[in-house]
Amino acid sequence: MEKENKHLIIIGGVAAGMKAAAKARRESPTMKITVVTDEHYISYASCGMPYFIGDIIKDSKKLIIREPPYFKNMLNINVLTRHQATAINTKSKQIKVNDLEKGQELIFNYDRLIIATGAQPIVPPLPGISLGNIFTLRTIADVLMIRTLVDSGNIKNAVVVGGGLIGLEVAENLILRGIKVTVVELLDQILPPLDKDMALIVQKHLMEKGVWVITSDGVKSFEGNDSNIVTKVITGKLQIPTDMVILSIGIKPNTRLAQEAGIEIGATRAIKVNERMETNIPGIYAVGDCAETIHLVTGKPVWIALGSTAAKMGRVAAINATGGADTFKGVLGTLIVKIFDLHVGKVGLSEREAIKEGYKIESTIVPALDKAHYYPNAKDIIIKLIADVTTRKLLGAEIIGEGIVDKRIDLVATALTFGATVDQISKLDLAYAPPYAMSMDAIIVAANVLGNKLSGKTSGILPHKVVEKRESGEDLVLLDVRSEIEYKSGHIKGCKHIPLDKLTSRVGELDGSKEIITYCRAGLRAAQAYRILKNAGFKNVKYMDGSILAWLHELEK
Ligand SMILES: Cc1cc2nc3c(=O)[nH]c(=O)nc-3n(C[C@H](O)[C@H](O)[C@H](O)COP(=O)(O)OP(=O)(O)OC[C@H]3O[C@@H](n4cnc5c(N)ncnc54)[C@H](O)[C@@H]3O)c2cc1C
């Protein structure tokens, strides 16, 4: 524990900064603790802000978790709001602070310093960017402005620029307020941390809920009216009339203060820290969205800015800054987001990221139910698992569905933390009763399917790979083994249809010189058909993982 006269200063008063302050006080009852923040509000729930726009959270005060008097009276922590740190002198151990209300410059001495300056939205210098009603969403001040405008009833159309987590949460909440929403995304998919095949499931759902999603198109400029209020978004392909724009194209870490003080910036452009959250300057720590960390799967530096990470980093830095010892080993990029009726989760590496990292991978997509199929309200979830072929270790998972996604994502996060193989996951003793899971939980089913693929016992192929094969002109047979009724309700163009119960007697109709890919609704009958064909001597057979449930392209009726 540090001595009474030591002074800990924390720059930044939101998730990471205030967690560090409160924890430091618990660790050291006597150390002097000061928080400086340039904002008026501290300790607020950024993550709840989209729901305040949607009126799911009715009162903005609910977003403010604690106010400065609480920290003063209960914890003896001085919080200086509207005070901006402008320089750090690492030699004299002083920070220069600008009192934004009085316009005064102040100097504070510190013994330990925690930098928790967070991140800020990227605002591209496009023509018309400074027009009225163009917003970013990062602070309480931002959300109050957006909410006031939405409450005015004058907003009929909105454009969200950027199809990431925050952009899509805002899109949903604007729709809930009766506003027509267009999402414009530069990449060829929304939700960039996910693989495209999984992101397409979400995109389809958004379109069904009335959000117009445009991908592979970038905003070029904004046009406004005589009052300088935005009226149009000009993209590479379109002109979209609008009353409001939410810019959500990403964030960048606030590192200027640290950089100018000679604090090392990492490969990710966030502040470089060790496991103790300490920078290259002894006694100075960096936490939250301004700091990088290590990816627990790749072991490489990574910058993934999340509130869950910020709080944990703040805690570790506080323990170390007050004379204790603790470490923060890294992250898996675990995320979850609700998009209308869908829960969307990801942990570890996506297929695309794993390949980029140089892993030889196998993956599968397995639709399953979150509860016993006969139990009321059992809902679909679609699981994508990615594993390393060499070690059979799981590398990542993406899970989407109306059913319970979070517990499966957290289960995989735990497994990844301990470096589990696919085989270890398939043997986990998970809780089961009909209202909670299938007797073999969906994750275990998916691990079994992937284990079989890794062992070469079965040969599944992901839908997007089937599309690639067909587009490259490969002459293959797509075999639909569903019932007549299912086939007629919609099938993949150019397929051959033989229901599973007729397959054994009709195998003679199939051309064994071509590759045959079987499909059904969810993959189970396709896998059975695969076995029938293998047993009948067909050499070049695969089944389509996830089948129609994971096929997001046109169906022919
Ligand atoms: C709309 C939205 C939804 C989100 N949803 C989720 C979610 O569901 N799950 C999740 O895990 N994460 C979510 N996040 C991310 C999460 O909110 C951030 O990771 C978290 O707020 C980071 O906390 P921080 O303290 O590191 O940084 P910040 O929240 O950025 O706080 C940094 C503070 O430091 C201040 N500051 C900066 N420079 C100075 C200076 N020189 N002097 C004084 N003060 C300074 C800033 O003004 C700010 O007040 C969401 C974020 C947003 C915006």
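Biologist: What sits over the ring of Tyr70?
Modeller: In this predicted model, the charged end of Arg66 sits over that ring, 4.0 Å from its centre, where sitting over a ring requires CZ of Arg or NZ of Lys within 6 Å of the ring centre and within 35 degrees of the ring normal.

Biologist: And which ring has Arg147 over it?
Modeller: The charged end of Arg147 sits over the ring of Phe52, 4.5 Å from its centre.

Biologist: How many aromatic pairs are there?
Modeller: The structure holds two, and in one of them Tyr70 and Phe71 meet edge-to-face, at 5.4 Å centre to centre with 90° between the planes. Rings of Phe, Tyr and Trp (its six-membered ring) pair if their centres lie within 6.5 Å, and planes over 60 degrees apart count as edge-to-face, under 30 as stacked and the rest as tilted.

Biologist: Is Phe71 buried or exposed?
Modeller: Phe71 is buried at 3% relative accessibility, whereas Tyr70 is partly exposed at 28%; buried means under 20% relative accessible area, exposed over 50% and partly exposed in between, with a 1.4 Å probe and protein chains only.

Biologist: What about Tyr530 and Tyr543?
Modeller: Their ring centres are 5.7 Å apart and their planes at 70°, so this pair is edge-to-face as well. Tyr530 is buried at 5% relative accessibility, and Tyr543 is buried at 6%.

Biologist: Any caveats?
Modeller: Residues are numbered from 1 along each chain as its sequence is written, and side-chain values use heavy atoms, leaving out hydrogens and water. Local features need pLDDT of at least 70 and side-chain atom pairs count only at pLDDT 80 or more, while totals for chains, interfaces and linings use all residues.
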